[in-house]
Amino acid sequence: MTRERIVQGMRDGIVAEAGLIAHGRGEAFDYLMNERSLPEALDAERAAAFRLRDAANPVISVNGNTVVLCPGEIVELARLTRSAVEVNLFHRTDARISLITGALEEAGATEVLGKEAGGRIPGLDHERGKCSTEGIMKADVILVPLEDGDRAQALKDMGKFVICIDLNPLSRTSRTSDISIVDEVTRAMRNMIGFLRGPGSREYPDSNDDVRSGSLVSLVGCVPEGQAPKHFHNKRSLSLIVKRMAGMLQERFDILYEQFDADQGDNQEPQPDPRQNEKNMEDINK
Ligand code: PTJ
């Protein structure tokens, strides 16, 4: 379903050709998390939702893939967090900006920034550095779903607090951002909306000094009991996600190897078990 939306989006001129490749890469990582939001992603989403809500000038920066996949969620998250929505494209053309703006308006957006691009993100070439003076230039906190690594770094260099959504925990965007949500963009958006709408949401305290200071996002006392750690720390979260993915691959390895073992006939030369033998593991890893 999401794949069809991306393909149709490309035919409609909303998604860039490179967006198809980006989507395929995302699918591969999503497979490693069983296409579910991991606990660390939920913690990041919770932290991100309230960081956006408590920002002075929050901006949700959107591109072709994001708008094709979850236009309604973008509009709703912007409403709940009082965020401006800016179309900010990697492969920028006026035609794509108009089409994407139109798709957001159709989904209920009243104001979409991005057409006016009097601002510049320093360090990026002319087209990629264009942005809105009312949006990204003024923003203190920016949510960037599916962002390219150079631009995430350039936004950080401008002093912005960057929240990314990226299924790849190893991407430069994930490693550069202050809060990295390693989750599929539609799930991530819906989870953030859920956290903001949740029955306990009024009890969530305003962001404290730790939050404002950078990557340590203190959530003491603001999460349902037993569901999340007291602190969210981005590098810790990313490393746990990579560990989960490695664990998933290890499980698959064990299953496949057991099947191979079971398939071996009695009269065949027995193969060494790579699980028992460091040398074989080294060979496999070569
Ligand atoms: O619409 P434009 O012109 O702004 O171009 C958008 C793309 C996505 C083509 C552009 O930003 C790009 O090339 O991005 P990258 O560098 O390919 O990075 C995209 C990242 O998003 C990759 O790490 C993917 O794993 C990840 N990704 C892809 N689909 C999803 C995703 N993350 C979350 N949800 C997805 N559905």
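**Burial, helices and open space in a predicted model**

C164 is buried, with a relative accessible area of 0%. A residue counts as buried when this value is under 20%, so C164 meets the cut-off. C131 is also buried, at 1% relative accessibility. Both values were computed from a predicted model. Disulfides were counted as well. A disulfide is a covalent bond between the sulfur atoms of two cysteines. To be counted, the two sulfur atoms must lie within 2.5 Å. By this rule, the model has 0 disulfides.

The overall make-up of the chain was examined next. The protein chain has 286 residues, and 49% of them count as buried. Its secondary structure consists of 13 helices and 9 strands. Contacts were then sorted by separation along the sequence. Among contacts with a separation of 6 or more, 61% join residues 24 or more positions apart.

Helix α3 was followed in detail. This helix covers residues 39-53, 15 residues in total. At 1.5 Å a residue, α3 should span 21 Å. The C-alpha atoms at its ends are 21 Å apart, which agrees with the expected span. Burial gives a second view of α3. Of its 15 residues, 12 are buried, so the rest of the structure largely encloses this helix. The buried set includes the charged residues E40, D43, E45, R46 and R51. It also includes the nonpolar residues A41, A44, A47, A48, A49, F50 and L52. An α-helix has 3.6 residues a turn, so residues three or four places apart point the same way.

L52 shows the surroundings of α3 at the level of one residue. L52 sits in helix α3 and is buried, with a relative accessible area of 0%. Which residues does L52 touch beyond its neighbours within four places in sequence? The contacts of L52 are P58, V59, L77, T81, S83, V141, L143 and I163. One further pair links distant parts of the chain. L52 and I142 are 90 residues apart along the chain, yet their C-alpha atoms are separated by 7.8 Å.

I193 offers another example. I193 belongs to helix α10, residues 185-197. At 6% relative accessibility, I193 is buried. With residues up to four places away in sequence left out, I193 touches E73, E76, L77 and L80. L77 therefore appears in the contacts of both L52 and I193, where contact means heavy atoms within 4.5 Å. I193 and T81 stand 112 residues apart in sequence. Their C-alpha atoms are 9.3 Å apart in space.

Empty space was mapped next. Rolling a probe the size of a water molecule over the atoms shows where empty space is left. The largest pocket holds about 830 Å³ of space. Its lining is made of 36 residues. Nearest the centre of this pocket lie G19, A22, H23, N65 and L146. Helices α1 (2-11), α2 (17-31) and α4 (64-69) each supply at least two lining residues. α2 gives the most, with 10 residues. By type, the lining of the largest pocket divides into 14 nonpolar, 11 polar and 11 charged residues.

The second largest pocket has a volume of about 310 Å³. It is lined by 20 residues, and R82, S83, A84, V85 and E111 are the closest to its centre. Two or more lining residues come from each of β1 (58-62), α5 (71-81) and β2 (84-87). The largest share comes from α5, with 3 residues. The lining of the second largest pocket contains 10 nonpolar, 5 polar and 5 charged residues.

Closed space was also searched. How many cavities of 30 Å³ or more does the structure hold? The count is 1 cavity. About 40 Å³ of space lies in the largest cavity. Its lining residues are S61, V62, N63, N88, V144, P145, E147 and R151. Strands β1 and β5 (141-145) each supply at least two of these residues. The lining of the cavity divides into 3 nonpolar, 3 polar and 2 charged residues. Strand β1 thus has a part in two linings, because it supplies at least two residues to the largest cavity and two or more to the second largest pocket.

Terms used. Residues are numbered from 1 along each chain as its sequence is written. This is a predicted model: local features need pLDDT of at least 70, side-chain atom pairs count only at pLDDT 80 or more; totals for chains, interfaces and linings use all residues. Side-chain values use heavy atoms; hydrogens and water are left out. Buried means under 20% relative accessible area, exposed over 50%, partly exposed in between (1.4 Å probe, protein chains only). Helices (H or I, at least four residues) and strands (E, at least two) are DSSP runs, numbered from the N terminus. The expected span of a helix is 1.5 Å times one less than its number of residues. On a 1 Å grid over the protein atoms alone, a cavity is a set of points where a 1.4 Å probe fits but cannot get out, and a pocket is an open set with protein on both sides within 12 Å along at least five of seven lines; lining residues have an atom within 4 Å of a point. Grid points are joined across faces, edges and corners, and a volume is the space filled by probe spheres set on the points.
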